[in-house]
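Q: I'm new to reading protein models. Could you walk me through one?

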Amino acid sequence: MPSLQLDGITKQFDRHTALHEVSLTVQDGEIFTLLGPSGCGKSTTLWSIAGLHQPDSGSIAFGDRVVFDHGRVNVEPEHRNCGVVFQSYAIWPHMSVAENVGYPLKLRKTPRAARERRVREVLELVELSRHAGRYPHELSGGQQQRVALARALAHPPDLLLLDEPFSNLDAKLRDRSRQWLKTLQSQVGVTTVFVTHDQDEALSVSDRVAVMDRGRVRQVGTPAEIYEHPADLFVADFVGTANILAATVVEADGTHAVLRVDGVAEPLKVPHTDRRLGPVRICVRPENIDIQRGADASHPRNTLTAKVDSQAYLGDHYRYTIRIGGTPVIVTTTRPAATGELTVSLPPEDIRVFHEEADSHEENHHAPVH
Ligand SMILES: Nc1ncnc2c1ncn2[C@@H]1O[C@H](COP(=O)(O)OP(=O)(O)O)[C@@H](O)[C@H]1O
Ligand SMILES: [Mg+2]
């Protein structure tokens with residue numbers, strides 16, 4: 001049974017619709033991430049799950065327990081048993097680490113001995129046992145965030161809800177915190193909904209990701225599905241670096257399509273099940289473009305000429321900006337390429353084709369899994 005189910009959640013603020021019919025299913029024990037730009041409705045979704053916002057339609061169930069059904073059921077936040085951690089650390093400055101963590105248990109009138117035992121357990125879990133007697137101002141930002149997490153876990157929650165918990169940390173610490181969270185979550189096994197606007201963070205911590213845009217869910221999938229088979233141009237562009245080129249489908253037989261990229265003489269052939277002809281946009285990731293030193297007869301697939309605009313050495317790889325038919329295209333490679341005119345190859349299986357429609361979906365062989 002799924003751990004969390006949202007069905008048709010709509011939320012209106014004044015006249016602004018923050019969520020349009022959001023439906024999601026989160027499986028037991030998953031780290032499920034809501035990813036999207038600022039203002040797309042991630043926090044509103046999380047707050048609705050926690051019971052801090054009341055949606056205008058739809059229903060929310062934790063397992064087989066309905067906690068919200070518009071007009072019928074609305075379980076109070078304190079009875080939803082969610083552990084919540086926000087971006088701001090929100091721990092009490094006048095309480096020690098142990099008092100902060102034990103506070104939810106005190107509210108629930110847990111006997112002192114049991115409370116102290118549980119506080120020791122969770123502090124060990126977040127590796128703060130040695131700091132139990134300290135006060136928040138004596139801790140680093142990362143440590144304060146671990147106190148907030150320990151407090152959220154103190155009374156074992158049915159759901160852990162994390163709203164951009166690492167955004168205030170510096171890059172190195174953020175990276176360590178992600179790995180640490182993933183290990184911790186797998187030890188505790190608690191179903192977790194994680195909110196971030198940072199695609200690297202989403203790809204690295206999540207079992208599955210929902211990409212959101214202006215109050216709507218665009219795609220749900222594993223990090224690899226989202227990155228390799230984006231459902232639409234928004235997802236392609238938001239998750240990772242996407243080179244997007246205008247092109248025209250000139251032939252399509254239901255298995256392959258022949259495309260002409262604007263301003264490029266050489267045709268491209270790609271696997272494609274859609275038979276429609278006409279304008280499309282294609283997306284290719286920087287690491288999938290093969291830069292060759294001149295023409296290479298042993299590798300004749302989808303080769304076309306390009307010109308190098310600029311290059312940068314980044315330690316473990318090179319980053320080129322090349323021009324294909326006038327459009328700047330980013331290429332990353334571990335081997336340096338020649339400068340000036342180049343022959344590049346776009347492997348057919350790495351080209352995603354999007355028809356130019358409001359609801360365009362990828363129509364390649366590998367349909368995204370929802
Ligand atoms: N309490 C509120 N009152 C009015 N508008 C709000 C409120 N909370 C959020 N919004 C609006 O709803 C939209 C979604 O916000 P939010 O869920 O906070 O986005 P995110 O967390 O993805 O950045 C935004 O346009 C935001 O301005
Ligand atoms: Mg937010």
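**Pocket and helix, step by step**

A: Sure, starting with β7 (82-85), α2 (97-107) and α4 (141-154): each supplies at least two residues of the largest pocket's lining. This is a predicted model, where local features need pLDDT of at least 70, side-chain atom pairs count only at pLDDT 80 or more, and totals for chains, interfaces and linings use all residues. Residues are numbered from 1 along each chain as its sequence is written, and side-chain values use heavy atoms, leaving out hydrogens and water.

Q: How much space lies in the largest pocket, and which residues are closest to its centre?

A: Rolling a probe the size of a water molecule over the atoms shows where empty space is left. Here, about 670 Å³ lies in the largest pocket. Of its 22 lining residues, Cys82, Gly83, Val84, Pro104 and Arg108 are the closest to the centre. β7 gives the largest share of the lining, 4 residues.

Q: How do the lining residues divide into nonpolar, polar and charged?

A: You'll find 15 nonpolar, 4 polar and 3 charged.

Q: What span is expected for helix α5, and which of its residues are buried?

A: The expected span is 1.5 Å times one less than the number of residues. Helix α5 (residues 171-188) has 18 residues and reaches 26 Å from first C-alpha to last, close to the 26 Å expected. Buried means under 20% relative accessible area (1.4 Å probe, protein chains only); in α5 that covers Ser177, Arg178, Trp180, Leu181, Leu184 and Gln185. Just after α5, Gly189 takes a positive phi of about 75 degrees.

Technical notes
Chains lettered and ligands numbered in written order. 1 Å grid on protein atoms, 1.4 Å probe; cavity = no way out; pocket = protein on both sides within 12 Å on 5 of 7 lines; lining within 4 Å. Points joined across faces, edges and corners; volume = space filled by probe spheres on them. Nonpolar A, V, L, I, M, F, W, Y, C, P; charged D, E, K, R; others polar. Buried < 20%, exposed > 50% of the residue type's maximum accessible area, 1.4 Å probe, protein only.
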